Amino acid sequence: MKVMWVLGFVPPVFSRRLGFAPQASGSWADSLQAALPAGAVDLTICCFSPALAAPRREEIDGTCYIGLPAADRAALAEALAAQRPDLVQLFGTENDHAAWVLECFDPEKVLVYIQGLAGPCGEHMADGLPPRFLRRQPLKEALARRTGGLTVLAQKERLLAQGEKERAVLAKARHILGRTDWDKAYCAAAAPGAQYHHLPEIMRPVFYPGGWQRKGAQPHRLFVSQGNIPLKGLHRAIEALAQLAKQWPDAQLFVAGWPPPDKGPLLRPLVHWLAEYPGYLASLARRLGVEGRIHYTGVLNAEGMRQQFLLAETYLLCSSIENSPNSLGEAMLTGVPCAAAAVGGVPSMLSEDEGELFDPAAPGEMAKAVAALWADPAMAEEKAAAARARALAVHDPKAVAAALLDLYRRLCPGG
């Protein structure tokens with residue numbers, strides 16, 4: 001069977017062949033490819049990059065890679081015509097090339113694999129922030145664009161625009177692949193004519209051995225795996241930290257990523273005005289008296305993320321919306337106790353028997369969830385063990401690969 005994957009990013013092995021710096025995103029595609037048995041399918045991976053001026057084709061370890069310029073619909077049509085796959089698996093729905101695939105190829109032979117849902121993310125981008133963040137600020141917006149950044153409003157509008165493209169893609173889809181009850185319900189409304197198929201994601205290999213132990217963790221240490229955009233809710237985690245510190249004076253919050261920019265006291269007001277969300281985080285931490293309790297780790301690779309899980313007493317997922325966050329799956333595999341916002345697809349991944357769930361919009365609920373884990377270590381470890389057992393079963397690479405191959409055969413019985 002000839003299968004073509006269409007990606008919106010260049011996989012690391014192809015990036016190195018092209019002389020590009022590998023991207024940090026897309027590990028789930030690498031993990032899925034690695035889990036497929038050798039020779040199970042004749043796989044072509046087609047991807048887009050603004051760094052390419054013309055199509056590029058390479059054979060790497062038995063897989064055909066095709067790189068295309070980012071805005072070249074004709075090149076995609078030519079690649080599909082030349083490869084003549086039995087089935088196309090489209091990863092992601094919000095980019096221009098997603099619509100092109102369904103226009104250039106038989107939609108009945110396209111499996112649309114949703115990676116995230118841009119529209120709902122746009123709707124929740126500014127949850128929990130003061131209303132001023134959604135007011136039009138022409139000067140700031142222009143300056144932010146010139147320095148490579150976006151205001152919160154611009155981030156929201158960009159995702160909402162991608163959400164419009166996404167809905168158009170889903171409306172044309174005939175087969176949709178997803179992971180949670182929430183995305184199934186969303187797709188049922190957006191694509192009533194499509195058949196929904198369930199497939200869990202494969203996590204990065206380093207997390208499967210587990211390893212979290214209380215004796216190796218720092219007491220009352222929280223870890224948040226992403227905080228650079230408001231959607232991820234770091235502002236709410238900082239508010240929760242202030243509440244937790246009243247009961248646990250040694251409470252600390254570690255965040256994957258870079259700290260808010262600081263050019264010294266003279267330029268600080270200007271920098272924080274321009275970089276408005278990071279600036280707000282810094283001012284919020286100072287106002288609540290917890291700036292010394294917040295530590296930024298810099299960008300983390302898989303091993304660095306694992307080390308942060310092992311050092312934390314609790315992993316905290318504080319997002320306003322999530323489809324199926326890989327960071328939560330990786331935390332569950334590692335065995336660290338988890339407190340997670342009960343939004344989107346999160347309840348499909350973690351139950352109350354496996355961690356603490358909370359409403360991120362309800363005042364005090366996030367801190368209450370973390371406090372429940374800290375106040376009863378035995379209960380926290382029991383839940384974490386149940387979460388790890390579930391994650392090992394759900395994200396089992398062989399089982400996921402077998403389910404995908406079975407789906408391929410059902411969609412293309414003669415392929």
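This is a guided tour of a predicted model, arranged as a series of selections to make in the viewer.

**Stop 1: helix 13**

Begin by selecting residues 326-334, which make up helix 13. This helix is mostly covered, with nine of its nine residues buried. The buried set comprises Asn326, Ser327, Leu328, Gly329, Glu330, Ala331, Met332, Leu333 and Thr334. To see what covers these residues, add helix 2 (27-35), helix 12 (302-311) and helix 14 (346-349), which are among the covering elements. The cover also includes helix 16 (377-394), together with strand 12 (314-317) and strand 13 (338-341). Move next to glycine 335, just after helix 13, where phi is positive at about 100°.

Within the helix, select leucine 328 and display its surroundings. Which residues are in contact with leucine 328, leaving aside its neighbours within four places in sequence? They are Tyr315, Leu317, Cys338, Val346, Met349 and Leu350.

**Stop 2: the nonpolar cores**

Leucine 328 also belongs to the largest nonpolar core, which has 106 residues. Leu328 is listed there among the residues with the most contacts inside the core, alongside Trp5, Ile238, Leu253, Tyr315, Leu316 and Tyr408. A second core, separate from this one, has 31 residues. For a view of that second core, select Cys64, Ala75, Ala79 and Trp100, which are included in it.

**Stop 3: strand 12 and its partners**

Select strand 12 and show its side chains. Thr314 and Leu316 point one way from the strand, whereas Tyr315 and Leu317 point the other way; all are buried. Now add the strands on either pairing. Strand 9 pairs with strand 12 in the parallel sense over two bridges, and phenylalanine 223 stands opposite tyrosine 315 in strand 12. Strand 13 also runs parallel to strand 12, and three bridges join them. In this second pairing, leucine 316 stands opposite alanine 339 in strand 13.

**Stop 4: aromatic groups**

Keep tyrosine 315 selected and add phenylalanine 309. The two rings form an edge-to-face aromatic pair, 5.5 Å centre to centre with 85° between the planes. Phenylalanine 309 has a relative accessible area of 0% and is therefore buried. Tyrosine 315 also counts as buried, at 1% relative accessibility. Extend the selection to Phe207 and Phe223: with Phe309 and Tyr315, these residues form one aromatic cluster.

The structure holds 11 aromatic pairs in total. For another of them, select phenylalanine 14 and tyrosine 65. Their ring centres are 5.4 Å apart and their planes lie at 35°, so this pair is tilted. What parts of the chain does the pair link? Phenylalanine 14 is in helix 1 (residues 12-18) and tyrosine 65 is in strand 4 (residues 63-69), so that distant parts of the chain, 51 residues apart, are brought into one pair. Both phenylalanine 14 and tyrosine 65 are buried.

A ring with a charged neighbour comes next: select phenylalanine 254 and arginine 221. Arginine 221 lies over the face of phenylalanine 254, at 3.4 Å from the ring centre.

**Stop 5: two positive phi angles**

Most residues other than glycine have a negative phi. Two residues to inspect against that background are aspartate 61 and histidine 220. Aspartate 61, in the loop between strand 3 (56-60) and strand 4, has a positive phi of about 50°. Histidine 220, in the loop between strand 8 (195-198) and strand 9 (221-224), has a positive phi of about 60°. Are these two residues buried or exposed? Aspartate 61 counts as exposed, at 79% relative accessibility, whereas histidine 220 is buried, with a relative accessible area of 14%.

**Stop 6: the cysteines**

Finish by selecting the cysteine sulfurs. How many disulfides does a search of the whole structure find? The search finds zero. For cysteine 47, the nearest cysteine sulfur is that of cysteine 46, 6.5 Å away. Cysteine 47 counts as buried, at 1% relative accessibility. The sulfur of cysteine 412 has its closest cysteine sulfur in cysteine 46 as well, at 17 Å, which is too far for a bond. Cysteine 412 counts as buried too, at 4% relative accessibility.

Notes
Residues are numbered from 1 along each chain as its sequence is written. This is a predicted model: local features need pLDDT of at least 70, side-chain atom pairs count only at pLDDT 80 or more; totals for chains, interfaces and linings use all residues. Side-chain values use heavy atoms; hydrogens and water are left out. Rings of Phe, Tyr and Trp (its six-membered ring) pair if their centres lie within 6.5 Å; planes under 30 degrees apart count as stacked, over 60 as edge-to-face and the rest as tilted. Helices (H or I, at least four residues) and strands (E, at least two) are DSSP runs, numbered from the N terminus. Buried means under 20% relative accessible area, exposed over 50%, partly exposed in between (1.4 Å probe, protein chains only). A charge sits over a ring if NZ of Lys or CZ of Arg is within 6 Å of the ring centre and within 35 degrees of the ring normal. A disulfide is a pair of cysteine sulfur atoms within 2.5 Å. A nonpolar core is a set of buried Ala, Val, Leu, Ile, Met, Phe, Trp, Tyr and Cys residues joined through side-chain atoms within 4.5 Å. Contact means heavy atoms within 4.5 Å. Two strands pair if DSSP finds at least two bridges between them.
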